[in-house]
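Trainee: I would like to go through this model term by term and hear what stands behind each label.
Mentor: Go ahead.

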Amino acid sequence: MTDLKEAHVVRFVHDTLPQRIRFATGGAAGHLAEEVTEGGFRRVMVIAAAAEKEPAEHVARDLPVVLWHHEVAMHVPADVAERGRQAAAEHRADVLVCVGGGSTTGLAKAIALTTGLPIIAVPTTYAGSEATDVWGITTHARKTTGTDRRVLPRTIVYDPALTLTLPLDVSIASGLNALAHCVDSLWAPRANPINAAFAGEGIRALNTGLPQIVADPADISGRELLLHGSYLAAAAFASAGSGLHHKICHVLGGMFDLPHAQTHAVVLPHVLAFNAHAAPEAESRIATAFGTASATAGLARLRSTLDSPVSLREYSMPENGIRPAVQAILAAAPADNPRSLTADNLTALLHAAWEGAPPR
Ligand code: NAD
């Protein structure tokens, strides 16, 4: 008999997060009304940034709304979260409906974290926060994150028509943010074959959808691919945890107040080039999903079709910020990253991302 201790055996733990997903182009208003009725909710708090007021009013028009809440800010400042919680309590809301990108979903999560109110999320970007149980709140320029099942939306209502207004440059950066969830999940601390299946299909959908919306931003089939790809990406990320890429972006975003999706878009090719040779299974899955000879060739081919962000300095990160960032990333990086990190190789990676040099 084979000695299983000696043989290579597959061993993992996988959590599937419980959520209902409703997906229909042009179907958000109907799906939302059904969800609210089925859940027996009578006092809806709608959360939407001022910029998304109009689409939010449109999709929530048939709901018993007791409060329209428009104070949303990137990275969920603690005072914004606190005012949202107070407003929910004052109006005795029994459900939160958030319509917007990751910042809006993030505020709903911060309210749910302390009130336990259920969330129905209507995403309008490809950030994917709606499919994770990760929350984040910023106090004095320092973002604290954690996981808690109370912040996981009970239902996601996807309507690709709501993403048609997302400007093309933001759509590209946001789509590459989703792609980063797929790629990083393949070597993150809880990587497993189930996440990998999601990640592979997510890469395929995003790689097809992004060039379609570049050719025609109103191409609804491209928008559909991007939204379903962004769900797969976020589900893979939620289960696998943060790999090197996410740790780097978290440190850079916090230290230099960089825009979230654009930072991911710039850093991804550098982390992929850094890890690919040391992670052959991940490399092969990414290459297969892109339909190219290698993972890096696949990402380079996709990026050559997009006008995507290339450097961190274009977002005002100072060059002398590289050194403190390296120290912070070394302290936070996953111990089991496929390739060992040193101050030297990380400095080279960050410098290339800062100046927009080709990934090495
Ligand atoms: P965002 O929500 O800040 O939106 C970016 C901009 O796009 C905003 O100005 C917004 O008003 C606008 N916008 C959104 N949808 C639009 C639409 N359909 N049409 C026109 N304009 C639109 O950015 P984001 O990248 O979606 O989210 C970033 C935030 O989400 C960060 O704080 C990040 O940390 C968080 N996030 C959290 C998780 C998680 O799992 N907790 C995952 C991903 C992102």
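Trainee: How far is an oxygen atom of the ligand from an N or O atom in the side chain of T132?
Mentor: The separation is 2.6 Å. The cut-off for a polar contact is 3.5 Å between N or O atoms, so the pair with T132 counts as one. Keep in mind that this is a predicted model.

Trainee: What makes H75 and S129 polar partners of the ligand?
Mentor: A side-chain N or O atom of H75 lies 3.0 Å from a ligand oxygen. For S129, a side-chain N or O atom and a ligand nitrogen are 3.5 Å apart. Both values are within 3.5 Å, so both pairs meet the definition.

Trainee: How much of the ligand's own accessible area does the protein cover?
Mentor: The protein covers 80% of the 860 Å² that the ligand has on its own.

Trainee: Which residues form the surroundings of the ligand, and what is their character?
Mentor: The ligand is surrounded by 19 residues, the closest being S103, T124, T125, T132 and T165. By class, the shell has 6 nonpolar, 10 polar and 3 charged residues. Helix α4, residues 102-115, gives the most to the shell, with 3 residues.

Trainee: A112 lies in helix α4. Why is A112 called buried?
Mentor: Its relative accessible area is 0%. Buried means under 20%, so the label applies to A112. Beyond its neighbours within four places in sequence, A112 is in contact with L96, L117, I119, R150 and V151.

Trainee: Which nonpolar core has A112 among its members?
Mentor: Start with the largest core, which has 64 residues; L179, I248, L252, L312 and L350 have the most contacts inside it. Apart from that core lies another, of 23 residues, and M45, A108, A112 and L117 are among them.

Trainee: What does L350 touch in the model?
Mentor: Not counting residues up to four places away in sequence, L350 touches I248, L252, I322, A325, V326 and I329. I248 and L252 are, with L350, among the residues that have the most contacts inside the largest core. Helix α7, residues 220-240, gives the most to this core, with 8 residues.

Trainee: What is the general background to such cores?
Mentor: In soluble globular proteins, nonpolar side chains tend to be buried together.

Trainee: S239 has its place in helix α7. Why is S239 called buried?
Mentor: The relative accessible area of S239 is 10%. That is under 20%, so S239 is buried by the definition.

Trainee: How do you know that the side chains of S239 and N195 make a polar contact?
Mentor: The distance between them is 2.7 Å. The limit is 3.5 Å, so the pair is within it. Leaving aside neighbours within four places in sequence, S239 is in contact with H14, D15, R190, N192 and N195.

Trainee: Why is H246 called buried?
Mentor: H246 has a relative accessible area of 10%, and under 20% is buried, so the term fits. H246 is found in helix α8, residues 244-256. Residues up to four places away in sequence aside, H246 touches A180, H181, D184, F237 and H264.

Trainee: And why is H31 called buried?
Mentor: H31 has 17%, which is under 20%, so H31 is buried too. H31 lies in helix α1, residues 28-39. Its contacts, not counting residues up to four places away in sequence, are R22, F23, A24 and V157. H31 and I156 are 125 residues apart in sequence and 9.7 Å apart in space, C-alpha to C-alpha.

Trainee: Why is R92 called exposed?
Mentor: Exposed means over 50%, and R92 has a relative accessible area of 56%, so R92 is exposed. R92 lies in the loop between α3 and β4. R92 has a positive phi of about 50 degrees although it is not a glycine.

Trainee: What makes S316 exposed?
Mentor: S316 has a relative accessible area of 62%, which is over 50%, so S316 is exposed. S316 lies in the loop between α11 and α12. Its phi is positive, about 70 degrees, although S316 is not a glycine.

Terms used: Residues are numbered from 1 along each chain as its sequence is written. Side-chain values use heavy atoms; hydrogens and water are left out. A residue is near a molecule or strand if one of its heavy atoms lies within 4 Å of it. A polar contact is a pair of N or O atoms within 3.5 Å; within protein, one must be able to donate a hydrogen and the other to accept it, and residues adjacent in sequence count only if both atoms are side-chain atoms. Accessible areas come from the Shrake-Rupley method with a 1.4 Å probe; for residues, only the protein chains shown count as cover. Helices (H or I, at least four residues) and strands (E, at least two) are DSSP runs, numbered from the N terminus. Ala, Val, Leu, Ile, Met, Phe, Trp, Tyr, Cys and Pro count as nonpolar, Asp, Glu, Lys and Arg as charged, and the others, Gly among them, as polar. A nonpolar core is a set of buried Ala, Val, Leu, Ile, Met, Phe, Trp, Tyr and Cys residues joined through side-chain atoms within 4.5 Å. Buried means under 20% relative accessible area, exposed over 50%, partly exposed in between (1.4 Å probe, protein chains only). Contact means heavy atoms within 4.5 Å.
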